[in-house]
Amino acid sequence: MKDEHQEIRDELDALRSRVAELEKQIQEDGPAFTAASDLRSFVEATDPSSHTERALAICYYLEFHDDSKGITSRKLDERYKECRLPPPANSSDVLRRAGENGWLMRRDEEEGSTLWCVTADGQQIIENRTAQE
């Protein structure tokens with residue numbers, strides 16, 4: 001019985017040490033999301049209240065974690081499905097509204113569709129929301 005209790009204490013000490021090391025890495029490395037983080041977790045962490053905010057979070061993730069040059073309405077629909085969320089009725093309108101808010105801007109055309117990228121204001125919004133984590 002004594003050996004069993006000691007074994008549990010040893011495991012608990014090892015877990016405490018691992019948690020302390022992980023917390024230290026998070027504090028040193030900045031935001032908890034890295035390129036290895038999944039899109040859905042990232043979007044949820046930004047706590048979007050509309051399709052426009054969700055589109056901004058998705059575009060930010062793609063640009064800063066997947067090295068994408070931006071997003072089209074078709075790509076936005078695909079990313080919604082990746083997050084297991086129903087896409088907006090009109091993704092082009094959602095991206096346009098994000099542009100009107102100053103969060104996204106037109107970058108180029110890709111396969112006949114407008115390619116949108118995150119503005120400095122949009123970047124700041126997402127970084128403020130993920131820094132609160």
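**Exercise 1. Asp 10**

Work out whether Asp 10 is buried, partly exposed or exposed in this predicted model, and find its side-chain partner.

*Solution.*
- Start with the location: Asp 10 sits in helix α1, which covers residues 2-29.
- Next, take its relative accessible area, which is 42%. Buried means under 20% and exposed means over 50%, with partly exposed in between. Asp 10 is therefore partly exposed.
- Finally, look at the side chain. That of Asp 10 makes a polar contact with the side chain of Gln 6, at 2.8 Å.

**Exercise 2. Two helices that pack**

Describe how helix α3 and helix α4 are arranged, and list the residues that make the contact.

*Solution.*
- Two packed helices are described by the angle between their axes and the distance between the axes.
- For α3 (residues 51-65) and α4 (residues 73-82), the angle is about 95° and the axes are 11 Å apart.
- Angles of 65 to 115 degrees count as roughly perpendicular, so that is how α3 and α4 lie to each other.
- Now the residues: α3 contributes His 51, Arg 54, Ala 55, Ile 58 and Leu 62, while α4 contributes Leu 76, Arg 79 and Tyr 80.
- Sorted by class, the contact of α3 with α4 has five nonpolar residues, two charged and one polar.

**Exercise 3. An aromatic pair**

Classify the ring pair of Phe 42 and Tyr 61, and say which parts of the chain this pair ties together.

*Solution.*
- A search of the whole structure gives three aromatic pairs. In the pair of Phe 42 and Tyr 61, the ring centres are 5.4 Å apart and the planes are at 50°.
- Planes under 30 degrees apart count as stacked and over 60 as edge-to-face, with the rest tilted. The pair of Phe 42 and Tyr 61 is tilted.
- Phe 42 belongs to helix α2 (residues 39-45) and Tyr 61 to helix α3, so the pair ties together parts 19 residues apart in sequence.
- Check the accessibility too: Phe 42 is buried at 2%, and Tyr 61 is buried at 4%.
- Widen the view: ring pairs link Phe 42, Tyr 60, Tyr 61 and Phe 64 into a cluster.

**Exercise 4. Thr 46 in its loop**

Find out what the side chain of Thr 46 reaches, and which residues beyond its sequence neighbours Thr 46 contacts.

*Solution.*
- Thr 46 is in the loop between α2 and α3.
- With a relative accessible area of 2%, Thr 46 is buried.
- The side chain of Thr 46 reaches the backbone oxygen of Val 43, at 2.7 Å.
- Setting aside neighbours within four places in sequence, Thr 46 is in contact with Ala 57, Ile 126, Arg 129 and Thr 130.

Methods:
Residues numbered from 1 in each chain as written. Predicted model: local features only at pLDDT ≥ 70, side-chain atom pairs only at ≥ 80, totals over all residues. Heavy atoms only, no water. Axes fitted to C-alpha atoms, helices over the stretch in contact; angles between N-to-C directions. Helix = DSSP H or I, 4+ residues; strand = E, 2+ residues; numbered from the N terminus. Parallel < 35°, antiparallel > 145°, perpendicular 65-115°, else oblique. Contact = heavy atoms within 4.5 Å. Nonpolar A, V, L, I, M, F, W, Y, C, P; charged D, E, K, R; others polar. Buried < 20%, exposed > 50% of the residue type's maximum accessible area, 1.4 Å probe, protein only. Polar contact = N/O pair within 3.5 Å; in protein donor to acceptor, adjacent residues only side chain to side chain. Phe/Tyr/Trp six-rings, centres within 6.5 Å; stacked < 30°, edge-to-face > 60°.
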